[in-house]
Structures are given as structure tokens and as C-alpha cells.
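Let's take a walk through this model together, beginning at one residue and widening the view from there. Keep the structure open beside you as you read.

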Amino acid sequence: MNIESIITHFQRMNGLEGAGMDYPVMLTIYLGVFLLSFIANVCLYVSDHGNRVVWLADQHKVIKSKFSYMAMLACTFTGVYLVGSFPIELQNTFGTWNADLFYTLGQTTIMITAGIYSLATYKKRSSVILNSLSIVVGLSTSIPMAATTILLPLNIDSELIRISSILAIIITFIVLAALSVKFNLLVKYSRINIYMFLITTITLFTTITTLDSENIDTGKILPFQGMINDEPWKELLSNPYWWYFEATVVSWSIFCGRFVAYCSNGYSVKNIIRYGTISLIILTSIWHLVSAATGYTLSFSRGWMIYTLTAFTMLGFAVTSLDSASKTLLNDLIRIFTNRKLNLKPNLFLVVIMGIIGLINIIILYTGSSKLFTMIFCLVFIPYLVKAIIYSVKFAIGKVDYNKSGTITENEYIKICNKEPDEEDCRKNVE
């Protein structure tokens, strides 16, 4: 195999050309991680050890509202990839079943598996480094995609204006996320995002009669619709879009898993799996229903007000993803500086990371190599996820040191908080 053929292979991979089986290494790795993570989640859920409650020594706040907790998981897990789901890509498949199935199970299982492992390793230097890499890689590919999607209905012809507009939106993401982190607004913003999402969905459907449906395949309108026949299942190994999606999930599974560890105090492992999965089933089913039946790219045909509402909803989801990523990084830095008695400002390092993300965004936008960048670079995270999968299975069968697992028993939790898990803010009891 000469250099020219290798370059051609990578170019086809970046364009998701051909069948998924044309790239057997990537197909095996990324779909393999999904399937093994799913098995690990099932083991955790059916295990008695899944009743253990998350309790990190330096993260005492408990999110009392189940709705708020589910909103945070949904907004963090879906985030910018949800807003970047192009209806065109969905329409080019047998239906939206793939998106719904892989979005719910593929994303949730990998991130929860990473989250369980993060509970036991969140203080390790290697985990902090991988978390930083995950933030840089994951958001550098997905943030530009979200910005591009928001501007897509405008059909901007000038390349200079288009790029400038995308950069302006990216800067807006970063500024709003920084403010959210500074004032600890993620819980409130996550609830607002869900409300905005529901309002946008209702608005899209109430104006469906004004939609130009010429390019819509009415046979692909409902989520899971394609699952009633055999054809869609053949796409599992043939359509490269789905294993590329799993590669994208891997790119930000580390920091999302870390965020699960930071925000889940007072919730059992089973609760994390249950609430994370339920929230994504509801959210993604509705979203892909909207994407398939109407399509965000056609929202502009129904007027400026509807387009603006849709764009703001997308903006909100992108900001919460960036916020949750930044929050994990900031918590890491504060803990490290405190332990080492360093008089340094974590916010300065946060600005540096944001700057790096912005720089990579610009490079990727100009080179147009985002898919290849994700698929190749994310191989760095595979060893971590393999360890996470093995750890989760061992956790489920009682083969780990639970004193170092970041979890406590239900009885221990009740002694600390004098309440059943998942109900009250136990911060005062600990402090």
C-alpha cells in the first residue's frame, strides 16, 4: 500500500464514503466500545451493587430535584451533537431509528461507564490530563458543527461572512459558558433549555402547514419507524455514519463521564443509568421526530421568529455542553491547586483551554477535516474506556475496593444525611 492509496483511504473516511465495512479497524473499535459499554451498563443495573450511592468527598452538593438532575444529564449528554444533527443526514438513511437508538444507548452507556470509572479515578493525574484532552478534542469538533447548523438556513453565499459568523457564534458559546461556570448557573440553564426545547418543538409542529415539504420523505417521519421492517438493520455495519457517531461520542465521553461523577452525589448507580437513559429517550425521540418530519434546515421557511427561536434553543444546548466540560476542568484545577497550596488562579487556565479550543475550531473549519480528526485522535481515549468497561463489570460483580470507588452504601448515606438517597441536600450535614 503506497502513500497515495493511504491518503485516498483517509479522504474517503473523512467524507464517510463507501460502506462501514470498508474501514474494519474503526468499525470494530468504535462499535465494539458501544456494545461492551452497553453490556457493562446492564451488569451494573441488575447488580445489587448498583444500589450504592455516589458520594465524593469534595463534592457535597446534592441536586434535590429529579427534573433538574435529568435535565442536566440530558443537556450534557446530548449537547452540541444534538443541535448538530443534520436532517439531511437522517433523510439519507432508512429512517431515524438509527439516530434514536444509537443516540440513546450509544451515548448514554459509554458516558455512564466512563462516569463510574471517573468516581474511582478522578484524582489521578492521568485522568485530569485525559479530561483536558477530551474537552479540547470533543468540543473542537462539535462546537463548529453546532455553529454551522445554526447558520445553515441563512444560505450565506460569501465564505468570508460565513466563517466570520461561525466564529462570532463560537465566541458567544465561550462567553456564555464562562459566565455560567463563574456564577454556577448550569442547573438553572439546563431547566431553561428543556423548556425552550419543548416550546420550539410545539412551535415547529403548529406551523407545519406553512412548510415546504417537497424534500421530505414522509416514509421516514416517526422515530423508530424504520424498525418495523428488516432493511434498516442492514445499515448497522454498512453505514459509516453510525460508527463515526460513536467515535464522536468517545471524543467527549471522558469529560461527560467526569461530569456525571461530579453532579451525581446522592444518586445511586442505578439512578444514574435510569434517569440518564429515560431523559435521553424522551429528548432524542422528540428531537429526531422534529428533524425528520420538519427539519431544522427548513425552519427559516416559516419566518424569522421561528428560525430565531430554534437557533436560540440550539445555542442553549451548545452552551450547557461547554459549561459542563469547563466545570469539570475547573474543579480539577481548584482541587490540584488547593492540595499543592499553589496561589494560582484556575480561571486563567480555563481561559487558556478555551483559547486552545477556539484555535483548533478555526483550523478545522478551514481544513474541513473534522470527521477524520475525530476518528483518528479519539483512538487515544480507547484504552481508558476499555479500563472503564472492565472496572464497571468488576464493580457489578463485587470485585473492586468499594472504599475507593467514590460510592457508599445506602445505610452509610442515611447516616450522613438522615434521609433516603436522592431526596435532600445533605451539604449542611457534611459541612
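A good place to start is Ser190, which, apart from its neighbours within four places in sequence, is in contact with Ala71, Met72, Cys75 and Thr320. Please bear in mind throughout that this is a predicted model. Ser190 belongs to helix H8, which spans residues 186-206. Is Ser190 buried or exposed? Its relative accessible area is 0%, and the cut-off for burial is under 20%, so Ser190 counts as buried.

Now step back to the whole chain for a moment. The fold is built from 17 helices and two strands. Of the 431 residues in the protein chain, 55% are buried. The contacts tell us something about how the chain is put together: among those with a separation of 6 or more, 87% are between residues 24 or more positions apart. As for the outside, the accessible surface of the protein chain is about 18700 Å², and carbon and sulfur atoms contribute 64% of it.

With that overview in mind, let's look at a pair of helices. Two packed helices are described by the angle between their axes and the distance between the axes. Helix H10 covers residues 240-263 and helix H15 covers residues 382-397; their axes come within 10 Å and cross at roughly 65°. The crossing of H10 past H15 is left-handed. Which residues make this contact? On the H10 side you will find Val250, Ser253 and Ile254, and on the H15 side Ile382, Tyr384 and Leu385. Sorted by class, the contact of H10 with H15 has five nonpolar residues and one polar residue, with no charged residues.

Charged residues do come into play elsewhere, and H10 leads us to an example. Arg258 forms a salt bridge with Asp332, and their closest N and O atoms are 2.9 Å apart. Arg258 lies in helix H10 while Asp332 lies in helix H12 (residues 304-339), so this salt bridge ties together parts that are 74 residues apart in sequence. Are these two partners buried or exposed? Arg258 has a relative accessibility of 1% and counts as buried. Asp332 is at 0% and counts as buried too.

How many salt bridges are there in the model? The count comes to four, and two of them bring us to the beginning of the chain. The side chains of Glu17 and Arg12 meet in a salt bridge, at 3.6 Å from N to O. Arg12 also meets Asp22 in a salt bridge, at 3.9 Å from N to O. The pair of Arg12 and Asp22 links distant parts of the chain: Arg12 sits in helix H1 (residues 3-14), and Asp22, ten residues apart from it, sits in the loop between H1 and helix H2 (24-46). Through these shared partners, salt bridges join Arg12, Glu17 and Asp22 into one network.

The accessibility of these three residues completes the picture. Arg12 is partly exposed, with a relative accessible area of 32%. Glu17 is partly exposed at 39%, and Asp22 is likewise partly exposed at 39%. Set beside this network, the salt bridge of H10 and H12 has a buried Arg258 and a buried Asp332.

Methods: Residues numbered from 1 in each chain as written. Predicted model: local features only at pLDDT ≥ 70, side-chain atom pairs only at ≥ 80, totals over all residues. Heavy atoms only, no water. Axes fitted to C-alpha atoms, helices over the stretch in contact; angles between N-to-C directions. Helix = DSSP H or I, 4+ residues; strand = E, 2+ residues; numbered from the N terminus. Left-handed = near helix turned anticlockwise from the far one by under 90°. Contact = heavy atoms within 4.5 Å. Nonpolar A, V, L, I, M, F, W, Y, C, P; charged D, E, K, R; others polar. Buried < 20%, exposed > 50% of the residue type's maximum accessible area, 1.4 Å probe, protein only. Areas by Shrake-Rupley, 256 points an atom, 1.4 Å probe, with all protein chains shown as cover.
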